[in-house]
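Q: I'm new to this one, so please take me through a single part slowly: the interface of chain A and chain B. How many salt bridges does the rule find across it?

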Number of protein chains: 2
Amino acid sequence: MEIAWIGTGIMGAPMARNLIKAGHRLRVHNRTLKRTHALAADGATVAAEPAEAARGAEALFIMVPDTPDVESVVAKIEPALSRGQLVVDMSTIAPATEQAISARLAKGGVDYLDAPVSGGETGAIEATLTIMVGGDESAFARAKPLFDVLGRRVTYMGASGAGQMTKLANQIAVALTLEAAAEALLLAERGGLDPARVLEAIGAGAAASWQLQNLGPKIIARDWRPGFFIKLIRKDLRLVGEAAQSSGLALPGLALMNSMFNAAAAAGHDLDGTQAVASALEKLASLK
Amino acid sequence: MEIAWIGTGIMGAPMARNLIKAGHRLRVHNRTLKRTHALAADGATVAAEPAEAARGAEALFIMVPDTPDVESVVAKIEPALSRGQLVVDMSTIAPATEQAISARLAKGGVDYLDAPVSGGETGAIEATLTIMVGGDESAFARAKPLFDVLGRRVTYMGASGAGQMTKLANQIAVALTLEAAAEALLLAERGGLDPARVLEAIGAGAAASWQLQNLGPKIIARDWRPGFFIKLIRKDLRLVGEAAQSSGLALPGLALMNSMFNAAAAAGHDLDGTQAVASALEKLASLK
């Protein structure tokens, strides 16, 4: 299939590569051109402009950082789109923006899906991403074989925006579950325990979580190397806050985690992994 | 073995029963006498006073609600204890209190372990409890065959109090991970999603947790029947707060969860399951 891919960063590049490996013809575009070089070497055609990539492609994927970036890409490709094309946004952005874009493109006969992912760089490389999809079910059926190339758990969540809303629910769960791991391990250390033994003792019961199991050992080792940037969870939690605001929702744990990740960023951890929130917590707790 | 068991409530009774099934002779005592009747029918001898149960028993177990209850039981059995006996407290109480009791009993040649458990009533009945043990390693070795009758994951954590400290780390992790599940599911529902489908979509990735998997479906069904009482997690988090205070630790997530569980209790959920914290959250979030 002729596929356009806009945004070839840490996530987008390996995802596009998996489509090439599956036998598709890729035209790629990235704001910073040099990030397309490796894909070109793998057989992708590089487009200087998003519209150039989009023209005539059967499916077009977007994987960029934030809401304004998606809006900007869509504004650039819109004049080049034609009836019957499928556009899939895999970025994590505001659900309401997806609904607006979807409604606008539908007028020109273009299908639009929001399909954010979870699973990080490793999931992108290994094609084990979780993909949460919103939009028309017929468009989902069209895209499903391509999603299956990119990820492992692909779930249709409902109308336009539902994929993004699911991702936001995922992110608030991720953030608070990480805080749970960080506070438990810090309490254990300050209480004189061997934190690795605590992980072993509590890691299979009611306290068990992916965060504790995977980021707990990094917290213990004070290893802040990124799996997922603090900078990006801060952006995601801002989106959660906007969604909560428009639903009239009070989410006290969200408020806490905004503060904690802001504190971590202020302490220089914005480009470290989310587990560096434990460093901010430790600074709070420096009284001996 | 001749074993005394003090405290035959929801947890204590099935634990004592498992020791009887394993062939031990049990003398049981409970403040409310009628809670010993079922065990008597299973072959236990009922003692009217703790000291009567304790006298001459090789090992003595305590399973009562809170710090003052353990202090009261220990005060009553102390005159009856003799050199070489083993006392095991399986209640969840303050680590510092365990250290004080342990040091006092050691003077009379009595071994003392703190060995709180996780896994709830089901774990007690099915003998699948997680047991976290503090005290002398030689005393742990003596008790280990009995722990293996009561639970599945038995971990020696270090000196006296280390079992309780581990349990407290477990409880703060449990509390915040539950809040993660509750906020995620409420956001999803208010965002118009099918929360069961959200559980399916996010439950195997970075948001995965025992709390989300086991209590998520109950939150969705507004099923507040207790696995573990709000009343008891409130007590446990009070102990976490005391431990954090004496370590000079700031635990902002703990502060949040004290407020959330207090709100749930104030709304009448003290004898409901911990998942009823989602009900308090929903009340906070009643703006439509």
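A: The rule finds zero salt bridges across the interface of chain A and chain B, a salt bridge being a side-chain nitrogen of Lys or Arg within 4 Å of a carboxyl oxygen of Asp or Glu. Bear in mind that this is a predicted model, where local features need pLDDT of at least 70, side-chain atom pairs count only at pLDDT 80 or more, and totals for chains, interfaces and linings use all residues. Residues are numbered from 1 along each chain as its sequence is written, chains are lettered from A and ligands numbered from 1 in the order in which they are written, and side-chain values use heavy atoms, leaving out hydrogens and water.

What you do get across the interface is 12 residue pairs in polar contact, both at pLDDT 80 or more. That term covers a pair of N or O atoms within 3.5 Å; within protein, one must be able to donate a hydrogen and the other to accept it, and residues adjacent in sequence count only if both atoms are side-chain atoms.

Now for the area. Chain A and chain B bury about 4900 Å² between them, with 71% of it on carbon and sulfur atoms; buried area is the accessible area (1.4 Å probe) that two parts lose on being put together, summed over both. On chain A's side, E183(A), L187(A) and A206(A) supply 13% of what that chain buries against chain B, more than any other three residues.

Which elements take part? Those of chain A giving two or more residues to the side that touches chain B include strand 8 (129–134), strand 9 (151–158), helix 8 (162–190) and helix 11 (230–247). Helices (H or I, at least four residues) and strands (E, at least two) are DSSP runs, numbered from the N terminus. Helix 8 of chain A brings the largest share of that side, 19 residues. Sorted by class, the side of chain A that touches chain B has 39 nonpolar, 12 polar and six charged residues. Here Ala, Val, Leu, Ile, Met, Phe, Trp, Tyr, Cys and Pro count as nonpolar, Asp, Glu, Lys and Arg as charged, and the others, Gly among them, as polar.

As for residue counts, the contact (heavy atoms within 4.5 Å) takes 57 residues from chain A and 57 residues from chain B. Over all chains, a search of the whole structure does find salt bridges, 28 of them.
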